Amino acid sequence: MVYTSIDNEKIKNIKKLNKKKYRDQENLFLIEGDHLIIEAYKAGVLKTLIVLDGVDYKNYPNTIVVNEKVMKYISELDTPKKVMAICEKKNSNKLGNKVIVLDGVQDPGNLGTIIRSSVAFNFDTILISNDTVDPYNSKVIRASQGMNMRTNIIEGDLKEYLKDLNDYKIYGTSVVNGKNVKDIVNKDKLCVVMGNEGKGVSPEVQQLCNDFIYINMSSECESLNVAVAASIIMYELS
């Protein structure tokens, strides 16, 4: 069967997954393109393929075939891929050994880069605030190159999470009273908090940090992009 109408109820429900509200309700998200689908398959989160009519996709058992009109309707890309997929979110509230904490990061490219770096530098958990951009936003997924499917992502109230982490060292970032990140010796059981692109870490979350770190750099540069800074810190603490 080939789906040819954008008014079909099943197609409408798939289209809804482009909105965070429905992703949260269904615990599902969409991906586009061969590379991301391979990552989803490796991560064990691939649920259903959506394939353009005429494209052979290895006879995957759960496949929906659609025409170009329907594929363009579902896709968020200007030029849709020939294959998309519905994936299941991984749900875990268990913090790992090294946690990157994101307080109000808004740019999808920044979040995607941080996710990708966290996998590269062995930070096994990403704890994100409720006002951080959705990690299953299509732009975040593309920027992360699918690494959001390879790591443990927890969303919630940072104040509630951090106040109970007595066995973790919680680092904020501060040039004024921080330690050079290169001087940190104990690199187990730690959380590193990165803040909003404009405002930084909120005062409430800063109060829950029990130490601060900074990146030593040239005085010619006032600050770093949050994704660059987070990546450098994770590399130094990996």
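These notebook entries record what I looked up in a predicted model.

**Basis.** I number residues from 1 along each chain as its sequence is written. In this predicted model, local features need pLDDT of at least 70, side-chain atom pairs count only at pLDDT 80 or more, and totals for chains, interfaces and linings use all residues, while side-chain values use heavy atoms and leave out hydrogens and water.

**Sheet.** I looked up the strand order and found seven strands in an open, parallel sheet, β8-β7-β6-β11-β9-β12-β10. Strands are DSSP E runs of at least two residues and helices are H or I runs of at least four, numbered from the N terminus; two strands pair if DSSP finds at least two bridges between them. β8 (152–156) and β10 (179–180) are at the edges with a single partner strand each, so one side of each lacks a neighbour in the sheet.

**β6 and β7.** I noted four bridges between β6 (residues 98–103) and β7, which run parallel. I100 has I126 of β7 as its bridge partner.

**N137.** I located N137 in the loop between β7 (125–129) and α6 (138–144). Leaving aside residues up to four places away in sequence, N137 touches R23 and P108, where contact means heavy atoms within 4.5 Å. I also found that the N137 side chain reaches the backbone nitrogen of K139 at 2.7 Å.

**Second largest pocket, lining.** I checked which elements contribute here: α1 (9–15) and α2 (20–26) each supply at least two lining residues. The largest share, three residues, comes from α1. Lining residues have an atom within 4 Å of a point on a 1 Å grid over the protein atoms alone, where a pocket is an open set of points at which a 1.4 Å probe fits, with protein on both sides within 12 Å along at least five of seven lines.

Conventions. Polar contact = N/O pair within 3.5 Å; in protein donor to acceptor, adjacent residues only side chain to side chain.
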